[in-house]
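Subject: Structure handover

Hello,

Here is the structure I promised to pass on to you. Please have a look at it first, and then read my notes below.

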Amino acid sequence: MKYLAAYPAALRAQVEQMVAEGRLGDWLLKRYGATHEIRTDRALYDYVIDLKSAFLRNAEPLSKVAFDNKLHVIRNALGTHTTVSRVQGGKLKAKREIRVASLFKEVPIEWLRMIVVHELAHMKEREHDKAFYKLCAHMEPDYHQFEFDLRLYLTHLDGGGARLWTPSV
């Protein structure tokens, strides 16, 4: 239950019971519909830029947005935001990138939005502090619920459960 370690013991106990009874996957399938249709890096870029335009118009531009096959395994992360600084001539230029774990190609749109909102929030707030989560909740009012439900899904997968969503293609 590593994904739920910070949650209250009573809540973890409920989840443990659902896992033991094999009900967690079914519960998630009932709660969320089908997977989204964002499959390519270009479609992901467009999706992220639309969200950025709606909430962070004055933030620095993004140079790259992509799904990353290695992200979850190597860094134990679901998304990353990076700033690469380079000197060009006499000026310092910064390129910002967002990478999203490929796991998010086959999940409900709510979870993809949650991870994108999380990475976009890092453009304004570096640390996971109160201001950061306030910005996340501003961009996605159900941010905390979606994060919890995603943690439930990761717990389901970690316990040997099968992937619940597959592409409709």
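The notes below go from the whole chain to two of its helices and then to a single residue.

First, some ground rules. This is a predicted model, in which local features need pLDDT of at least 70 and side-chain atom pairs count only at pLDDT 80 or more, while totals for chains, interfaces and linings use all residues. Residues are numbered from 1 along each chain as its sequence is written, and side-chain values use heavy atoms, with hydrogens and water left out.

**The whole chain**

The protein chain holds seven helices and three strands, in the order α-α-α-β-α-β-β-α-α-α. Helices (H or I, at least four residues) and strands (E, at least two) are DSSP runs, numbered from the N terminus.

The radius of gyration, taken over C-alpha atoms, is 17 Å, which agrees with the value near 15 Å for a compact globule of 169 residues. That globule rule is 2.2 Å times the number of residues to the power 0.38. Along the principal axes, the C-alpha atoms fill a box of roughly 65 × 40 × 30 Å.

Of the 169 residues, 41% count as buried; buried means under 20% relative accessible area, exposed over 50%, and partly exposed in between (1.4 Å probe, protein chains only). Among contacts (heavy atoms within 4.5 Å) with a separation of 6 or more, 66% join residues 24 or more positions apart.

**Helices H1 and H7**

Helix H1 covers residues 9–20, and its end C-alpha atoms are 16 Å apart, in agreement with the 16 Å expected for 12 residues at 1.5 Å a residue. The expected span is 1.5 Å times one less than the number of residues. Gly 22 follows H1 with a positive phi, near 70°.

Helix H7 (residues 143–158) has 16 residues, and both its expected span and the distance between its end C-alpha atoms are 22 Å. Its buried residues include Tyr 143, Phe 146, Leu 150 and His 156. Among the elements covering the buried residues of H7 are H1, H2 (24–31), H5 (109–121) and H6 (130–139). Just after H7, Gly 160 also has a positive phi, of about 95°.

**One residue to look up**

Is Ile 109, in helix H5, buried, exposed or partly exposed? Ile 109 is partly exposed, because its relative accessible area is 31%. Leaving aside residues up to four places away in sequence, Ile 109 touches His 36, Ile 38 and Tyr 47.

Best wishes
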